[in-house]
Amino acid sequence: MSTVYQIFITPFTEFEFMRRALAGALALALGACPIGVFLMLRRMSLVGDAMAHAILPGAAVGFLLSGLNLFAMTAGGLIAGFVVAVLTGLVARTTELKEDAALATFYLLSLAIGVTIISLKGTNIDLLHVLFGNVLALDDQTLLLIAGNATITLILLALIYRPLVIECVDPGFMRAVSRSGGLAHLAFLVLVVLNLVSGFHALGTLLAVGMMMLPAATGRFWARDITLMMLIATASGLLAGYAGLLVSFHFGVASGPAIILIAGVLYLISLLFGQVGGLARQLFPGRHLEA
Amino acid sequence: MTAALRFRNLTLGYDRHPAVHHLDGAVENGALVAVVGPNGAGKSTLFKGIVGVIKPLAGGIERGDPNPQNIAYLPQAADIDRTFPINVYDMVSMGLWRRAGSFGGIDRDARTLIEQAIAAVGLSGFEDRAIATLSGGQMQRMLFARLLLQDARVIVLDEPFNAVDAKTSADLFDLVRRWHGERRTVLTAMHDIDFVRANFPETLLLAREPVAWGHTANVLTPENLLAARRMCEAFDHQAEPCGDEQASTLPPRGEPADAATHQPRR
């Protein structure tokens, strides 16, 4: 009994950095997982990845201007991400370019502009911690930022939920009855960026998307209903955050990848045994029914 | 009688090429109009113009009721994501948008309405089914239930009975009749000429240019149908700007039209 306690609880009671990491990971999962479900359902699974690239130069510019300052880097990332998100939405809505192509053009431009600015300054900045994050070194400010972003995400998502769902299922209908579909879509893109910013502090830009997409894909294999899908995704994200930190603590591996790997294991289990379209169900469907 | 819709020298199209060319006329309140014409005749384009999805290239549409939510629209191929995890009940309840909007609750009263609409299209028992599992006919029934809830004064249906079986189209046309009885204005794009003759009092025959508009029996004459079929479908990419901005090929509705009088200048 005591060993179970020592394995699962003690790391968090003994060490403050583990408690902070846990709070950060859980807050991140609460916001990022529902966003991931919508990204997946909108067939925008790779958009998060592209947006992460779009944020990076903004953060780098913030770093250039004011050093390793949380506020400057976050603001830079947010501005770069918002600009790319809003421009993408506008171009996709008003021209023949589809969302994916519009996004590709803008995030590449954003990346190129960022790299150009850095090269003009002639400095060789170490962006490793932006690339890979460090969930074990979250300070108060960063923790508040992640928690704040999660709060904003859940509230705003609740506000735009109905038009967003209708916009996803039947955009033509949404256009015919109301203008709020476009607004909901833009608000959603803003939420994507917010959660990527949270993600890059905890997991780094490269893995931030992992906390969005892997739990979302997990949810898809267990639910036919979007509400349940988001609940399952969030649960698996929370579990991945907790279990990943434990694995990282006991086996001495990097915390960010450990969290994403656990999320990946949950996804693989779902892929194999999920009730909705899992591989095992497809291979052994059982006898067909009467009607 | 006041008009639910009035077209004034309306030209609609894509990339400056007209798909509906110089349409004039009015749809009276409570009219039941079939819009007939070959593929590419501009039926869908006209409907998109009516609901405001595309803007006129020239001329205009006056709506008797300026509130766009008072027009309900069923597109020909609704771009519905059928893999989206949503059930029939929630999909139908979208029809209450005007009443509930983004935040309004769905109270007991609204739930009764939703159930009645689902029952009216014969989908009782399907409430919890994911839309991915519906057949084409069931899908169309579901969309009609949503139209019922929209409770609009003007209803625009783009080929609603394509690819559904006879039973389904008969059931759904009963709803169209019911709307007509409630003095709602209904425009329906149709391909089945015999069905139009039997069921629609008024017809607009369209072949990019309006060919004829009026009582169905006067419009669907062999000559008019032949004229409609002859009009070319493809865009002429070399077309010059149309010089005849004020012209209308169609005299006020109800009279035979001579479609040959208007040719874009080449």
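1. I'd start with a pair of strands in chain B. Strand β1 (residues 3-14) and β4(B) run antiparallel and are joined by five bridges. To find that pairing on screen, look for B:Phe7, which stands opposite B:Ile61 in β4(B). Bear in mind throughout that this is a predicted model.

2. These strands belong to a small group you can pick out quickly. The order β2-β1-β4 (chain B) makes up an open sheet of three strands, and the pairing is antiparallel. β2 (17-28) and β4 (58-63) of chain B are the edge strands, each pairing on one side only. From one strand to the next, the twist in this sheet averages 15 degrees. Helix α1(B) packs on the sheet and touches β1, β2 and β4 of chain B, with its direction making about 120 degrees with that of β1(B).

3. Now follow that helix to the other sheet. α1 (residues 43-51) of chain B also lies across β3, β5, β6, β7 and β8 of chain B. Relative to β5(B), the helix runs at about 150 degrees. So what does the second sheet look like, and in which order do its strands come? It is an open sheet of six strands, ordered β5-β6-β7-β3-β8-β9 (chain B), and its pairing is mixed. Because β5 (71-74) and β9 (209-215) of chain B each have a single partner strand, one side of each is left without a neighbour in the sheet. Here the twist averages 15 degrees from one strand to the next.

4. If you only zoom in on one strand, I'd pick β7(B). Is strand β7 (residues 185-190) of chain B enclosed or open? Six of its six residues are buried, so β7(B) is largely enclosed by the rest of the structure. Both faces are covered. B:Thr185, B:Leu187 and B:Ala189 are buried on one side, while B:Val186, B:Thr188 and B:Met190 are buried on the other.

5. The partners of β7(B) are worth a look too. Strand β3 (residues 32-36) of chain B runs parallel to β7(B), joined by five bridges, and B:Val36 stands opposite B:Met190 there. Strand β6 (residues 154-157) of chain B also pairs with β7(B) in the parallel sense, over four bridges. In that pairing B:Leu157 has B:Thr188 as its bridge partner. Between β6(B) and β7(B) the chain passes through helix α6 (residues 166-181) of chain B, a β-α-β crossover that is right-handed.

6. Going along from β3(B), you reach strand β8 (residues 202-207) of chain B, which runs parallel to β3(B) and is joined to it by four bridges. B:Val33 stands opposite B:Glu202 in β8(B).

7. Some overall numbers for chain B. Nine helices and nine strands are present. Of the 266 residues, 43% are buried. Among contacts with a separation of 6 or more, 71% are between residues 24 or more positions apart.

8. Finally, confidence. The model scores ipTM 0.79 and pTM 0.82. Chain B has a mean pLDDT of 84, and 87% of its residues reach 70 or more. Two stretches to flag: over residues 245-249 of chain B the pLDDT stays under 50, with 14 contacts beyond four places in sequence in the model. Over residues 254-266 of chain B the pLDDT is also below 50, and that stretch has 25 contacts beyond near neighbours in sequence.

Methods:
Residues are numbered from 1 along each chain as its sequence is written. Chains are lettered from A and ligands numbered from 1 in the order in which they are written. This is a predicted model: local features need pLDDT of at least 70, side-chain atom pairs count only at pLDDT 80 or more; totals for chains, interfaces and linings use all residues. pLDDT is the predictor's confidence in each residue, from 0 to 100. Two residues are in contact if their C-beta atoms, placed from the backbone, lie within 7 Å. Helices (H or I, at least four residues) and strands (E, at least two) are DSSP runs, numbered from the N terminus. A residue is buried if 20 or more other C-beta atoms lie within 10 Å of its own, exposed if 12 or fewer, and partly exposed in between; C-beta atoms are placed from the backbone. Two strands pair if DSSP finds at least two bridges between them. A crossover is right-handed if, with the strands pointing away from the viewer, the path from the first strand over the helix to the second runs clockwise. Axes are lines fitted to C-alpha atoms, for helices over the stretch in contact, and angles run from 0 to 180 degrees between N-to-C directions.
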